[in-house]
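Okay, thanks everyone, let me pull this one up. I'll start with confidence, then go through a helix pair and one residue.

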Amino acid sequence: MDRTDTIKKELIVLFDEMLVHGKEFKRKSYAGAIEDARERYRHTVDAIIQCFAASPIEEKAALTDELARVIPDHAYEKMQSVKKRSRERISVDYNMNMAVYVVPILNYSRQADCLALTERMVELWNEKGITNMNLMHSTYDDIAAGFEHRLCYITTAVCRSMGKPDDCYELQAFRNFRDSYLI
């Protein structure tokens, strides 16, 4: 098995394993959760960095695209197996997983190739339409700064425009996010 195949498998494991950590996304537990995850997936990030270092410059764009497609393709396939009525709830979990764990873990090193990889991954995620929400590129520093600045997000208007009730899963998740993470 070649190095890129191993990295692809490890990226899928990263996405799947981090899905269960959404409940740890709170001000007091996020730093510890991200540190534990960074340590657990350090070998994956190191393998990515080494793979890019060993690639000729003219092949880096193709490698970036190849690796960046892995998680969006995997998530898309998983989403297709979910019943349509459950997709919106799972969409929130998938986007949260990508925004607060997967992307920040992969680009935590601030290494240029990892940053290019995660930026392309986010582009492909949005192009593929895995969820009906637009994913934004994120870093650990951006998220940690949000805890410090106690940012406020308004989601009720968006959910109402989608015809969702006041007690819908999305609003409950965002309220939990606001009341646990942001406060």
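So, the chain has a mean pLDDT of 83, with 81% of its residues at 70 or more; pLDDT is the predictor's confidence in each residue, from 0 to 100. Residues 149–154 drop below 50, and beyond near neighbours in sequence that stretch has eight contacts in the model, a contact being heavy atoms within 4.5 Å.

Quick housekeeping: this is a predicted model, where local features need pLDDT of at least 70, side-chain atom pairs count only at pLDDT 80 or more, and totals for chains, interfaces and linings use all residues. Numbering runs from 1 along each chain as its sequence is written, and side-chain values use heavy atoms, leaving out hydrogens and water.

Now the helices (DSSP runs of H or I, at least four residues, numbered from the N terminus). H4, residues 57–68, packs against H7, residues 112–128, at about 50 degrees, with the axes 8 Å apart. Axes here are lines fitted to C-alpha atoms over the stretch in contact, and angles run from 0 to 180 degrees between N-to-C directions. H4 and H7 are therefore oblique to each other, oblique being whatever isn't under 35, over 145 or 65 to 115 degrees.

Who meets whom? On the H4 side it's Lys60, Thr64, Asp65, Leu67 and Ala68, and on the H7 side Asp113, Ala116, Leu117, Arg120, Met121 and Leu124.

Last one: Asn107, in helix H6, residues 84–107. Is Asn107 buried or exposed? Buried, because its relative accessibility is 6%, and the cut-off is under 20% relative accessible area, with a 1.4 Å probe and protein chains only. Leaving aside residues up to four places away in sequence, Asn107 touches Cys114, Leu115, Thr118, His137, Ser138 and Thr139.

Terms used:
Helices (H or I, at least four residues) and strands (E, at least two) are DSSP runs, numbered from the N terminus. Buried means under 20% relative accessible area, exposed over 50%, partly exposed in between (1.4 Å probe, protein chains only).
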